[in-house]
Amino acid sequence: MKERVLDTSTLFRLDGRVALVTGGSRGIGRMIAEGYVAQGAKVYISSRSEGACAQTAAELGDACIALPHDISTVEGCRALAADLAEREDRLDILVNNAGAAWGEPFDRFPEKGWDKVMDLNVKSPFFLTQALHGLLKAGAGAGHPAKVINITSIDGQKLNAWETYSYQASKAALIHLTRRMAARLVSDSIYVTSLAPGAFASQMNRAARDHGDAVAKAIPAGRIGEPEDMAAAAIYLASRAGDYVVGETLTVDGGLVNATIAHNIDA
């Protein structure tokens, strides 16, 4: 039997693949969309702001298409899926990145700060994936598994001192939901994973954006994340390189969760 020759030359390429990145007009979503375009994918980006979507798509080039929708409701998720279905007969990569946060002291934390965050961060990834199930199965029929990548957070893995109760709970929930969805969808050759970012400069993480040097002091790697760090991780999971990774959460945080030594507290 002839020995199989290992070919790694195209492991990270996304040529010919169709991707949808929610919350893709800025921050982590834009980092991922830009990385996918660079690797040869056709990328749809979605967000609530039509202007921001159009501007980002124009900046990323012809391979990036704006598809603005508000997916904070089930109806919005279904509308985005229907809009995409009018343009494409398959979807190879879905990145559930759109999210919200809410910070307020415990004794004043409002119900609307709970519901808004839980709806967008947990409910929408599930129902958008459900609405796109047919297109994802068609993508899986193209000779490779389709991929669903949920953008979670290290705040779902460790406690953050900020009083962002619903955000931290939502990201922990999405990490577990990733595993449950993976167990069901793997039979359709749709592989579900998640990325848990640490400190990346964005509108969502203003501390990293505005005080990066100070934030970096608590990170074992000694710096906050760069756009290339996030793009690389998302490309890995979306490409052939990640085709044996199912249900996993890849933590991209410079070692904050897994390489930080806790200080002893004297009794």
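The following paragraphs describe the interior, one pocket, the aromatic pairs and two individual residues of a predicted model.

A good place to begin is the inside of the protein. The largest nonpolar core has 32 residues, and those with the most contacts within it are Leu20, Leu84, Leu91, Leu94, Leu132 and Leu136. Several elements each supply at least two residues of this core: strand 1 (18-22), helix 3 (74-85), helix 4, helix 5, strand 5 (146-151), helix 6 and strand 6 (190-197). Helix 6 provides the largest share, six residues. Leu94 gives a closer view of how such a residue is surrounded. Setting aside residues up to four places away in sequence, Leu94 touches Leu20, Leu128, Thr129, Leu132, Leu136, Lys147, Val148 and Ile149. A second core, separate from this one, has 30 residues, including Ile32, Ile93, Ile151 and Phe200.

Attention now turns from the cores to an open space. The second largest pocket holds about 210 Å³. Its lining is made up of Phe126, Thr129, Gln130, His133, Leu136, Leu177, Arg180, Met181, Arg184 and Leu185. Helix 4 (111-131), helix 5 (133-140) and helix 6 (165-185) are the elements that give two or more residues to this lining. With five residues, helix 6 gives the most. Sorted by class, the lining of the pocket has five nonpolar, three polar and two charged residues. Some names recur here: Leu136 lines the pocket and is also listed among the residues with the most contacts inside the largest nonpolar core. Thr129 is another lining residue, and Thr129 is also touched by Leu94.

The aromatic side chains come next. The structure holds three aromatic pairs. In one of them, the ring centres of Phe106 and Tyr165 are 5.8 Å apart and the ring planes stand at 70 degrees, so this pair is edge-to-face. Phe106 lies in the loop between strand 4 (93-96) and helix 4, whereas Tyr165 lies in helix 6, so the pair ties together parts that are 59 residues apart in sequence. Phe106 is exposed, with a relative accessible area of 63%, while Tyr165, at 32%, is partly exposed. Ring pairs also bring in Phe109, which forms a cluster with Phe106 and Tyr165.

Phe126 and Phe127 make up another pair. Their ring centres are 5.1 Å apart and their planes are at 85 degrees, so this pair is edge-to-face as well. Phe126 is partly exposed at 33% relative accessibility, and Phe127 is partly exposed at 23%. Phe126 is also one of the residues that line the second largest pocket.

Two residues towards the end of this account deserve a look of their own. Ser189 is found in the loop between helix 6 and strand 6. Most residues other than glycine have a negative phi. Ser189, however, has a positive phi, near 60 degrees. Its relative accessible area is 32%, so Ser189 counts as partly exposed.

Thr193 is found in strand 6. With a relative accessible area of 3%, under the 20% cut-off, Thr193 is buried. Which residues is Thr193 in contact with, leaving aside its neighbours within four places in sequence? They are Val148, Ile149, Asn150, Thr178, Leu237, Val245, Val246, Gly247 and Glu248. Two of these names, Val148 and Ile149, also appear among the residues that Leu94 touches.

Terms used:
Residues are numbered from 1 along each chain as its sequence is written. This is a predicted model: local features need pLDDT of at least 70, side-chain atom pairs count only at pLDDT 80 or more; totals for chains, interfaces and linings use all residues. Side-chain values use heavy atoms; hydrogens and water are left out. On a 1 Å grid over the protein atoms alone, a cavity is a set of points where a 1.4 Å probe fits but cannot get out, and a pocket is an open set with protein on both sides within 12 Å along at least five of seven lines; lining residues have an atom within 4 Å of a point. Grid points are joined across faces, edges and corners, and a volume is the space filled by probe spheres set on the points. Helices (H or I, at least four residues) and strands (E, at least two) are DSSP runs, numbered from the N terminus. Ala, Val, Leu, Ile, Met, Phe, Trp, Tyr, Cys and Pro count as nonpolar, Asp, Glu, Lys and Arg as charged, and the others, Gly among them, as polar. A nonpolar core is a set of buried Ala, Val, Leu, Ile, Met, Phe, Trp, Tyr and Cys residues joined through side-chain atoms within 4.5 Å. Buried means under 20% relative accessible area, exposed over 50%, partly exposed in between (1.4 Å probe, protein chains only). Contact means heavy atoms within 4.5 Å. Rings of Phe, Tyr and Trp (its six-membered ring) pair if their centres lie within 6.5 Å; planes under 30 degrees apart count as stacked, over 60 as edge-to-face and the rest as tilted.
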